[in-house]
Structure formats: C-alpha cells, structure tokens
Amino acid sequence: MLNILSQLIAGGNNHTNLIYIMLALPAILGLVVILLPVKGYGGRSVAFIGALVINALAALGLLLGENFSMRFPWVHLGDFSIQFSLRVYNFSAFILIAIAAIALLIGIYTVVFMRGKSHYGSFYCFFLLNLALANGAALANNLIVLLFFWAGLLVTLFAMIAIGNRNNVSAAVKALIISAVADLLLILGIAITVWQSGGKMMMDEIMPLPLTGLNNVGFVLMMLGALGKAGAIPFHSWIPDAAKDAPLPFMAMMPGALEKLLGIYLAVRVARDFYALEPGSGMSMFIMIIGVVTIILAVGMAMIQKDMKRLLSFHAISQVGYMVLGIGTALPVGIVGALFHMLNNAIYKSALFLSAGAVERSCGTTDLKQISGLRRVMPITAIGFTIAALSISGVPPFNGFFSKELIFDAALESGLVFYILALLGAFMTAASFLKLGHAAFFGPLKWPHIEESNNPNPRETPAAMYVPLLILAAFCLVFGLGNVIPLAGIQSILGDFMAGHDYSGWPHSMSLVLISLAVLIFAVLNHLFGKLRTGQAVKALDHIHYAPGLHQVYNVAEKGYLDPYEWLMFAIKAYAKLCFAIDRAIDWIYNVLLVKLISVLSKGLAHLNNGHSTRYMAWVFVGMLFVLLALILYL
Amino acid sequence: MGGPGIILVCVFTPLLGAFLLPFLGRISTVLRNMAALVFVLVSFVTSAILLPSALANNPVLFHWSLPLGFSFGFLADGLAVFMAMISSFVAAIIVFYSFGYMLNYKHKNEYYLMVTLFIGAMMGLVYSTNLLFIYVFWEISAICCWRLIGFFREKMMVLRADKAFLVTVGGALVMLIGFMGIYSQTGTFDLLEMNHPLLPNWVMITILFGILSKSATLPLHTWLPDAGVAPSPVTSLLHAAVLVKIGVYIYARFFLVNFSVPEVWHTVVPIIAAVSALVSAGAAIVENDIKRIIAYSTVSQLAFIFLGLSCGVVQGIAGGLLYIFMHSLAKGGLFLTAGIIEHSTHTKDIRQMGGLVRTLPATAIAFACCAFSVMGIPPFGGFFSKYMVINGALLLGNPWLAGVFLLGALMTVIYLARVFVRVFFGPTTHPHIQEGTWEMVGSVTMLAALSLLFGIFINLPASFVTVILQNLGMLGR
Amino acid sequence: MQTFFILLCLALMICSAAAVMMFRSLIKATVCLAITSVLISIVLFLLGAYWAALFELSVCAGLITVVFISTISFFSKERRSEEQERDHHSRFRLLPYLMVVCGLALLALLVLSGFSMQSIPALPPAFAEFKQILWSNRQVDILAQIALILAGSFAVIVLFKEINTNDENKGA
Amino acid sequence: MPQNLISATATAVFIVGPLLAILINNLLPRTLAQKICLKVGIAATLLQIAAVCSCVWLFFANSSYHISFSVFWNMSAQPGAARFYVDFLSLTVMLAIGLVSLVSLLTANESIKDKALNFSNLLMICMIGMNGLVMVNDLFSLYIFLEITGIAAFVLIALLREERGLEGAFKYLAMSAIASVFLLASLALIFMETGDLHFANVAALLSSPAQASQPLLLMIASLFFITAFSIKAAMVPFHGWLPDAYQSAPAAVSVLLGGIVTKAAGVYAIIRVLSGAFSGVLAGVFSHVQNVHVVFAILGLVSILYGAIAAIGQRDMKRMLAYSSISQMGYIVLGAATGSVIGLVGAALHFFNHATFKGTLFVNAAALEKQTGSTDLEVLPCGLQARMPLTAISSMLAFFSTAGIPPLAGFWSKFLIILAVWQSGSPLMAGLALLASIITAAYFLRIQRKVFFGQPDDSSNEITEVKGSLALAEWLLSIITVGCGLLFPALLLLMQSKGLF
C-alpha cells in the first residue's frame, strides 16, 4: 500500500506494478475473503473494502501516469503465440478509473447491504474476482487476452446471480447462456478478425479493416459480442429476471455499470480501431437499428412495470440503446456522446439501483403498489434518487441531458427516423421515472405491513449506504455542469478523429435542446393526465399500457413470448428433441434392428437343420451341384 | 537401466502387475489397492522419465524384429509420452478415487485387475510402433471395458457391456481390414518402416470406422451413453480420460505422423465431427440421467478434438492436442463428481436431485470448475483448446464449420448449466446425505484445481504441445 | 482246379450272403457278412486283381456295415413287436433258397456261355507281387486292419453286449 | 541313426501306444481295468504329447523337417509305397490329438463311470485312427484310417445308448457312409487314371489334368473327393449331421468330437490335399489345382458365415458350440485354400488353437452339465461366475480366443489366415471372414451373459465349482490358450529362423 502511494506521489514512469496490483490483488483478496473464518464478517469486509480502495488508487495512478504497454510471451502453441500484453492509455485508464470508482462506492454500500445475509463471503469473493477480470479486460492489449478476461466474467456473473436465490437459479442460467452466446460470437469474431488482419492480435497493431466481404461478418460478430455484454437487444432479457433474484449491489454493479462500461468500450474499439465503420454505411445502419430497437422496446417495457427493481432493469437495457445508436452513427459527435452517455449511465444507473436497494432494505419490498411517500422517512435516499432520475430523464443541467443531446445530434444527422425514435425513447424514459419517483417517494406514506416484528417503520439507511448514493448523485451534477471535464478526457481518447470538434459546454444546437425540453414537458403533462385519470401515481401510465393494440402486445411481452431467450431455448429444445430422436434411432439400429435381423437370420438357418437325415442328404446334393458348378466355372 | 527398458517397465508393469492384484487381494485389500496405485504410478513416472529425451527429439526406441512385418516395438516420442502421461496421471487419480468409491462393492479384485490391465493396454497402445500391436492393445482395452461396464452384473448392464464390446470390437475389426490394406501396400505393419504412404480412400474409411467407434463418434457412439451403468470411476476412466482418447490418439498418430491422406478428408472428417457434436449435444439437453448427459457431452467434445486434429492446420492440431489434455482432466472430474453424487443420493436421475450444494459443497465447486472448463470458459483450461480448435476450422477457410462448432459450444454451456443447476440448486431433495470419502473428494478437487491451474499456466501444456509439433516437423525451425 | 476254386468261393459267398439275411442274431449276421467279404477278396485274388483283393480286405466293408445295420436294427427292434417280426421273418424265409438257386443258375450260365478260364493268370509268379504289395507297399494298411478289427469288435461290444444282458434280464 | 530313432519313437508312440493301452486294459481283470483304464489312456495321451515334443526337438536337432518311414520293417523303398510320413503339420495335429484326447479322458473321469472301459478302448482306437490319418501318404490308407476314426467316433456318440445319442450317431453314420461311398468312388476314378494312390503321384497327375486320358472323369473324381471331405469336415452345406451329433454326444465325447475328430477326419485331410508348400516330398494332391482351391475357399467362407450366424440363435450350449465349430473349421479350410505358406501356417495353428479353445468350451459345457444338469442357456442359472469362477474364466478366455480377440492364441492364427487370404488376392473374402469374428463374439457374449456374467440368484446357491480332473482340464487348456497367444511372436521368430518365411 505504501508502495503504491509512494508511486502515486512519485508519479513514476513505469506503472507495471500497478497493473499487477489491479489484476492480482482483487483476485487474491477475493480468495482470501472466502477462505477466512465463516464468522469473520468484520475481517472479510475490511479485506473487501481494502481491496477496492487499493484498486481505486491504482486506477487513479494509472490514469495520472503515462501511457505505456507491457508484454511478455504467455502461450506458445504451435505456430500460434500469444503475448500477454496489457496496455495503459487514456481509453483504458478512463474505463479503469470508472470501474474502480463505481466498484468502490458500491462496495461500501454492499458491506452494509449484505450484513446479516448468508453467503456474503462468496459475494465478496466473486465481486472481487469480477473486478479483477474486468480490469484485465479493460487493460488487455491482445485480443486473446481480452477474450480470456472477458469470457471469464461469465463465471462471476453466474455465481453472483446464483447467490441471490439458491432455490431458483433460472435467472443465473439465463444470464449465463445469453452471455455465453454473446461471448461465443465474440470468439468467432475475434478469430475472424485475427485471421483477416494477417494473424495480428495485438490490439494496438491491428489496422482498421475495411468493411468488405468476410470482414463484415467479423465486424458484426465482434460487435454483437460487445453489445451482448452491454445488454443490448437481443441479449437483454436476463437483466429483468436477474433483478428479481440477484443481490441488489450486483444489479448496480454489473448491468448497471460495469458491463456497460466494458461493452461500450469494446464496441467503440471495434468500430474505431479494428474496423473502419463509415457513417451511412450498411453496417452503421445495422448498429443504429439495434440501438433504437433497444431503446424503444426496453423503455416500452419499463413504462408498465410496477416493481422498482424491474423497472430500473429495463432502463438499464434501454440506455444502452442510446450508446449503441451513438456508436452506430460513426460520427464524432455520436461516439463522443455514446462514451459520455456510458459514463453518465454508469453513474446514475448505479445510483438508481442503490436507492432501490435502500428502499428494499427499509421496506422489504420494491413493489410500487405497496410503497409510497418514502420521502418522509428516507429523505436522503429520496434526494439521491431524484437527482439520478432527473439525470436519466435528460433534464438539464444534469449529466444525462448533455450526453443525450450529443446523441440526438448524431441521430438527426444520420436519419430523421432515428432521431424521432430516440426522442420517443426520451419521452418514455421521463414518463416512467415520473411514475416511479412519484409513486415511491411522493404521495402519502405507505409501506407493507406483513409481519410487524420483522418490518418496523422504514428508516433512513445507514450512512455507508447513502453516502455512495450521494456521491454518485453529486457526480451527476458535476458531470452535467462541468461536462468539460469528462468530455475533455473522452475527446482525447478519440484523438485525431476529434480534430476540430469540441462538444463540451452547452449543446451547440439550441433548437434540439428546445425540442428535448418540449418532450420532457409533454412527459410531465402525460404523467399528470394519467395521475388524474386513475388517481394513483403508480397507475399513471396505465392509459398507455392498456391502450388498444398496445395492451395485447404488452400481455404477450409480459408472458415472455417476445423474449429472444425463450425463442432460442424453444428452438434449442426442439432441436434437442430432434437430435435425441436421431440418437435413439441410431441406437434402435443397434439395439433392435441388428439384433432382430441376426436372430431372424439365425432362426432361419437353424431351421434348415431340423434333424432329418433326408434333408441333410438333400443339402449334400445341393452342395455337390454347387461344387460341380464351381469346378466347371473355374476350370 | 537403459532407455528401452524404461518403456518396457512402463507398459508391462501395469499389464502384468494387474494379474497379481487378485492374489494380493487375498492377502490384504490395502496391499492390493496400494499395488494397483503403484502400478499405475509406475507408468506415470516412467513416462515422465522418458519425457526429456522425447522433448529433445531423441525418442527412446525399443524394437524387436519379427518376420512378416510383425515387428514389435515401442517408441516414446513426444506425442506418445504426452498421451501416456495424461492417461496414467488421470488413471492414478481415478484409482485413488476408487479406494473410496468401491469400498462397499463386491468383486473388487476383478475391478482393480481390469482397471490396471486397462492402463497397461493403454500404455502399450500409446507406445506401439506396429499396427498389429496397436490392434492387440486396442482389443485388450475393449475386454477390460466390457468387464467393467457390466461390473454390477445386472442384466441390462451386461447387455450394454456387450453392446459396447461389439461396437468397439466391430469397429476395430473393420480397422484391421484397413491395416491389411496398408500391409498390402507397404508389406509391413511396422510404422517405423513406412515412409508416409498415401492411404487410399477406402483404407481411410475403414480406419476411421475403427477410430470413430472407439472414440464414440456418430453414428457409432451410442454405446458410450449406455456404458454409464458402470461404476463411476470406470465411466470416468473409460469415457473421459483414456478409452475414448484412444481413437483420437490413433488419429493423431496415424494421420499426423505416419500416413498421408487424400486432401478430401480434411473436409469430411470435420463434417462428421460437426454432425456428431451437434446431435450428441442435442441429446444431452434432453437426457435426464446425469452420467448419460456427461457421456453425450463426451461425444460432443470428442468431435471438437477431431475437428482440431483433422483440419490440417497447425493451430487446429495444436488445439486438438491441448483439448485432449484439458478434456481428460475436466471430464474425468465431471464423471468423478457424478460418481460422488450417485454414491450419496443413490440415483442418477437429475430430476430427483436438487439443492445438493448445501450437503455436497466441495463436490459442487469441483463440478462447477470442471463444467466451466468443459464449457470453455476462461480462466479454465478448456477455453484455450476450444478457441484454438475453432480457430483451426476458421483457418481451414470454413467459417460455417466454425459457426457450427460454436453452436455446439453453446449447447455445451446449456446442458452443463442445466445439470449443474438441477443437481446443486433448487429445493433440497436429499437433506441428510454425506459428502463422499476423503479420497473421492480429494480426487475431484485435484482435477478441478488442475483444470483451473492449467488454464492460468496454460503455457506449460501449450509448450509441450508445441515441442511435439516441432518434433513432428510441423513447425519451422 | 482254380476255376473250381473260384466257383466254390462264389457259391460260398452267395450262401454266406444269404445267411446274413437269415440270421436273427445280428452277431451271427455280422460274422457271415465278414465271411462274405473275405470270400470276395479271395475270388478277386484268384482272378488276379490283387489290388482289388487287397482293398476289399482292407475296407472290410462287412465291419463297416455291421455297425451300420446294427444301429438301424437297434432302432427298429424297439419299435417292432415280436409278432410283426415273426411275420417279417416268415415272409423272407424262402429268400435264401431262392438266392442259392439263382446263384447256381448264374454260374451255370457263365460256364455255358464259354467263360474262359485260360485268361486267369497262374498263381505262383503273382504271389510274389502280392506279397510285395501287401507287406511292403501296404504295410500301413495292415496296421489299419488291426485297428479296424478292434474297432468293429468294440463297437459290437458296446452296442450289443448289453442289449443281450438286457434281454436276459427281461427273460429272467 | 537319428532318423531311425525318430521313426521308432513315432511309430511306437503314435500307433503302438494306444494299441498297448487297449491291450493293457483288456488283459487286466475287468474290475481293475474299470478302475485304471482311464489312467492308462491318459498315460497313452501323455506319451503321445511327449513323443510329439521329442520329435520336434529331434527335427530341430537334425535340421530335417520331415521324415517318412515304414511301419514294421524297412523294406527297400518301393516307388509309390504307402509309408508313414511325419512333418510339422502332422506333428501339430498329433499334438492336438494328444491334448484333446487327454482332456476328453479327464472329462470322462468325471462324467462317464460305468462305461469307462469301453470309452477308453474306443478312444484309443479313435486315436490310432487319427494318428494314422495324419501320418499316411497314400489316399487309400487315408481312407481306411478315416473309417476307423469314423467308426470309433460314432460308437462313442452312442456310448450311453440313450435315444438321443443313438440318433446323433446314426446321422453321423449315415452321412459318413455317403462320404465313404463318394470317397471310394473318387479313389477308384483316380486309380483308374494313375494306377497308384500315392499323394505325390496323384498330385503329379492332377497338376496337369489336360494330359489325363479322361479329364471329365477326373473332374467327377474331384467332385466326389471334395464332397466326401466336405461331409467329413462338415463344410456348409454338407454339415447337417454335425450339430445333432455334437449335441447328442456324451460330454466327454463331445469334447473329443468338437476338439479334434471332425477336424482330423475332415479338415486335416483338406489341408493335406491342398498343401503343396510344406515340403517338396509330400506334395498336396490338389496343391496345383486352382479351381479346387477356389471351391474350398468358398466353402470355407460360407461355413464361417453360416456357422456364426446359426450359432447366435441356439439355445443349447453344445449345439451352439457345434455351429461355432463349423464356423471355425471354415477358417482353417479357408486358410488352407490359399495354398500360401502363411495361409497354411495359419491353418495349422488355427487347427491346434481350435482344439484347445473348443476343447475348453466343451469341457465348460461338461462342467455345467455335471453341476447343474443342463446345457440349455434358457434353463441354466444366471451369474454362475460367482459359483464357478474357474469355469467362467476359462470359458471367457476360450471365447476371446475363438472370436479372435488378441492377445490370445486364436487371434494370431486367424489373423495369419486372413492375411493369407488377403494376399492371395481376395480382399473381400478376407474382410468378410474377419467380420464374422464379430458375430462369433456376439454369440459368445450371449453365453457369457446368460450363464456367467450376471447377478447370481438364490436358486444357484447349491452349485459349486467342478473339482478334480475337469478343473484340471480347464486349467490346462486355458494356460495353453493364453501361453500360445503370448508366445506367438517367439513362435514366429522360430519359424523364421527355420526358413519358413
């Protein structure tokens, strides 16, 4: 620790040790945490927080230090050798510090949240392992190394969801399978990329490949792999399910922040560094379509949710849509917007999940029909939530507003349809957060009275839980008003591509801002209309939910019929049954057909030997005829 | 002792020692168990002793000239030592595991005899330089396999043992026809005397028939799931670690080292493998018997190995060899954990299991590690091998094939996740069962740990494979 | 002299052959059959067909047929009732006499038709050849004869001896 | 001098030994003879085995690998004289004869009590017949010894004079008689042409049939000849008698029949007439007649397949083994039909191996019959391995050997045969013959499954392992089967060192 600090202070050129710390320390401490005595909650928590702090410091050190890369030969297999190469430059350092900071905040929160719950030790362990792998993925400078860390996240993902509810781990399985699909696509994509770039697998050596022929396949596969991690449609559907069972810090950490950071990081690198994505090209359209579809469908589902965690989880999906849209435009403004939105989303989405966690801890539920007016008993949480909600809704001057404006700008430039759909998404986001905030924190105080002894009056959470929330909320404001700070960093990442552009400060196009504001106002009006119509905030969007036509669609969607995962599983099950039938058919050949055939043949032959000498003699003469024939033929 | 003597010790210690075991068993069971373990370990240690010279491309050779090209010989080149070390190591763990598992069963003398004999046959097969003796050892392994599958002697089990025997022996006989085809071409069965002859297509078909039947590849695979009725260490030994690798090893030995084949087989074999991978993976999703699922999984994973070895691209071959190693560890572990589960719950139907993570925590973790390795998820070792194999298919210029195998990989994830979740999570069905004995848990933990360690320190096996390929002259230098 | 000898042998042969059919006791029938065979070979020898004579002797077709007949008769015996057997027997009672008559008639015919005895070679020079053939060239067969006789006798012992005892037991 | 020594030994032991045994048995008082007759027989068989070994040793010591000699006295060699002739093929067969007779006697020791004397006598005669058969060099002598063997064999089948045995014996007899007729007819036709029946002379004639005065008659002679020996060797479709005879014979006799008699009487003769390669002196009669080779090859292959397939469906173990014998004899004939050195070596080895493994299996059947009273697979209790481990293991070894599963002896001989067939230019035949092994394995697995390899039930609690001479026989044959398999490479080297390859 002293060593790190001294390095930090010294600002040395070589930060190799920091890299090792970021990779090894969380992993080792993660294992230590789970191996500590069962009752050592305090000790474990200290180790846990210590790891996170050191990690954050190291990340800071890397951010402040100079760019450098390191490599050593790792695997030498045949003519295929993999350099274990890590590279620190502004982009990866940016992602690292974001991860580290959010992990630290959520970690502090977790210590309180998990107190008294079983398996906190495993959760700490997997949280730290997860962190180590995520650090590795961000640092990797070799596609295979990237894949190594990237796919390794599957294990921790599965484990952390499974910890939540051991009796029903279907969400964990779903997450595992969906992520596995994405990762497998990524594997193939990487393999194609390496092949197409002539065997180069160092990420800083690959020249952007033109999007032609097989390259298109490679691009799409890698992109899908990246977006799958970020949770874009069609890789989204595990997130709402996980929201139900998984521990809340997990939701804040993984779908809320970390996966978005990594997914978008890779998507940007794919679009910028590995392949040359041109604005207006077919691939660009493809990505943008994924983006808007993700926005609209996910936020559409979010609107009708009556459970806080589930509602938030749909937003975790829909916000990805904006980033994907931004990347898909392939315009500087879009990509900057996407990266900025990624950062913002990590901040406010974590905050939102943390506040949901606070609500769950206080009331024992996050069902909006059972809670109301929590502002009175949990004022600090309410403030934190409100700021984050305003931010995600795109209200100025919070950070979400600025990033969204950039993306709107890019979308408009790429096509009016995309812009309109993005605006529609913004409207629905705002509407659903109005409903959520109004229902949960405003109005008359209400909480579920199920068992009095276990459910005392809801109280404000301990400081360890609200402080991280407040810090995040503060960042929402800071990155909104002072958006020059993050944007400067982001623009430096993109380097030459940004030449001549500067997107910091107030949005350039005032008309777009006005349109956005109009949309927000319309959302407020819509909310008031709905509230008046039904009298309850939680039902404020029922007029959309139960609108003719939409109602049926929602019904189908709620039942899971529109879930691509279900389609996949249906297809796979049908396919598996077919395979099983084929397999049984083959087995039947061995077990029945051949046996029958031989036994019938055998019975027939044995029947020839029926014990009568006359028949035997007849056979002898048949045989003689045959021999005679053969003798004549071969003579 | 000279070099050639070491090979003889390696092969004949288990081969002949096996027949001592029943007599030792009459004296003392502990003595017998230890002797079995020692015999297998002797193979491992001697193989390790042979390693340096094999890596230095100066393989130890034992050769006994016989007329008619029947020469009897053992050659400890890199490939052979690689395979021998894997087999004997996993076998040693399995024998160790058996101490606990077999404790309460009858016929233990026969069990240890057959297992040790099997290892001896495996060693002989691996080192043999003569087609005929390869066949001989091949069939000895089939005999052991037959006795072991029918070990519990119930009617259904014996029927299945018979089926396995008939299918593998039938395949071997067809292969023998192919060997005679080679003989008629070269005039010898001695691989050392052949000079990379180009095999005609029909010979290739017959040899492939034998290989596929032993390595349980579609459409000759159904004996393998059926063989799950054997005691668990056996199924693990047979399926995962050793038996099914025979076919794969022979494939590598023949078509990487000794023979050239017409170009078309670099396409045909991967396609057979692809079909096998997909169909068996599909069947694994529907099955409910834990051992059958893992067996189908083996069929599916073997197809990956075949893909790697048959694609004709160095990366794929390297991946295939690495896959053999990783799969032996992980699949062996899976079968052994399945054994613990079966031992504890007395059922194999995953629908009747649940929540075992509470009662069998160590087993659960070991199962998870091995399953992740088989799925190919880093940091477990299976990841690299799977990547390399798929990469090989791609470099073959066939992205569709790579895609098909990716689908297979996805289905691997699905069925293993299904088993894992069904067995270890959900409502507890067997609240009062006990974890397996320390030998059993220790064995699986070791395999699981090795799956992980060799994933992180992947360069160890990878360099080994690289040296093998160098010695085979497949790489420059 | 020789002609007479041949004719005598032929006549004896026919008689013994007929006797084979007449005897109810299979052992006696067998012995007759053997005698027939021997007579045949003597005739053959006298006619100068040394090889054929030798082979006839060697084959001992009688011994082979012994077992052949006996097996059949063993089966049929159990099935046949005694009355049937008597009927059967009486039906063929005249047959031997008929055959003897026929045989003599045949011989007469042969003589009358001018069957030349001159063609039959003299005995003494051929005898050496016979000896040569039998004791030198065919000495293997002599051994075989011994074994064959043994085989026949044991076969008879196995198959008939105890039948008789059984019959005795029945009678007692 | 050594040659005389060899001839003396051979003569004394192979022919006179059994004769002596008969004499001893029948000259002793009857009660004593009943007791020791089997032991006397065993002594004779052991003597034969020892004699074979010493002959082999003498052969090697003198580097002369065949010898012909007269029986009683050595008169000046006549051209075309019928003499005894011994070479390695004969020795192999005689070793098998000695071995199987020994095992048969050991089996009889447990199963045939009151007829021991008769059994012993007949067995000795049978041995004489077979030994003679193996040593002669003249077609006519061959015929006579064939008859001796046949008579002894069918009386043995009928030994217990049960209805079944007599029926089987009758069928054997009937078919044998037909064979005899054909053989005699054939010999007569050949004799017409040559005036001699010495192998070499006949061979010389047959090798150039165009020079014969009546080629058509010669062809008919071949036809009758093939028919006769095919009946004796039970080649399909001349095989009808064999399953009935084997099944109905007493246990000890079925050991003898299955182990050696049919093979010596039929298959050996076929090998002998087809072989030209063993030595220059004793040319095979048909060794240069290509179409006869083809006919025998086809008969062999058909027998292999038919026997194997028909065996699968059998209920009775002995009957199954009988069909199995048809199949295995098919291999031997197939090997001989190639006419090449490898094929003949393979045929000879398979001859011996078949004697051991089929002997084992019939001894197993005898053991089962003795201990459980049945050989019906559906009636026999399951899981007898637990009760009769020795029988189970020996049957398993014999099964592997029969099915040609390495490393047991049967594999090597079968493999040599198939290799020879392959090299003679018929890969398809070789492939089919090889694949028949899998069917062989299938029916043996059925025996194993039904009888030995299973869960024993309470009904079999009373059953115990056989003891005494049966167990000894099982041990002996199993050891030979395993030993021959493992020592095969050494044998190969030995043959090479003697210039065979």
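## Helix α2 of chain A

In this predicted model, helix α2 of chain A runs over residues 16–35, which is 20 residues. At 1.5 Å a residue the helix should span 28 Å, and its end C-alpha atoms do lie 28 Å apart, so the expected and computed spans agree.

Where does α2(A) bend? The bend is at A:Ala24 and comes to about 30 degrees. A proline, A:Pro26, follows A:Ala24 within four residues. A:Pro26 is also one of the buried residues of α2(A). The others are A:Leu18, A:Ile19, A:Ile21, A:Met22, A:Leu23, A:Leu25, A:Ala27, A:Leu29, A:Gly30 and A:Val33.

## Where chain A touches chain B

Contacts between these two chains involve 43 residues of chain A and 50 residues of chain B. On the chain A side, the elements that give two or more residues are β1 (68–77), α6 (143–164), α7 (170–196), α8 (214–230) and α22 (564–608). Which of them gives the most? That is α22(A), with 13 residues.

Sorted by class, the side of chain A that touches chain B has 32 nonpolar residues, five polar ones and six charged ones.

## Where chain B touches chain D

Here 26 residues of chain B are in contact with 26 residues of chain D. Two or more residues on the chain B side come from each of α5 (131–149) and α6 (155–186) of chain B. The most come from α6(B), which gives 13 residues.

By class, this side of chain B divides into 18 nonpolar, three polar and five charged residues.

Conventions:
Residues numbered from 1 in each chain as written. Chains lettered and ligands numbered in written order. Predicted model: local features only at pLDDT ≥ 70, side-chain atom pairs only at ≥ 80, totals over all residues. Contact = placed C-beta atoms within 7 Å. Nonpolar A, V, L, I, M, F, W, Y, C, P; charged D, E, K, R; others polar. Expected span 1.5 Å × (residues − 1). Bend = angle between axes of the 7 residues up to and from the residue. Buried ≥ 20, exposed ≤ 12 C-beta atoms within 10 Å, placed from the backbone.
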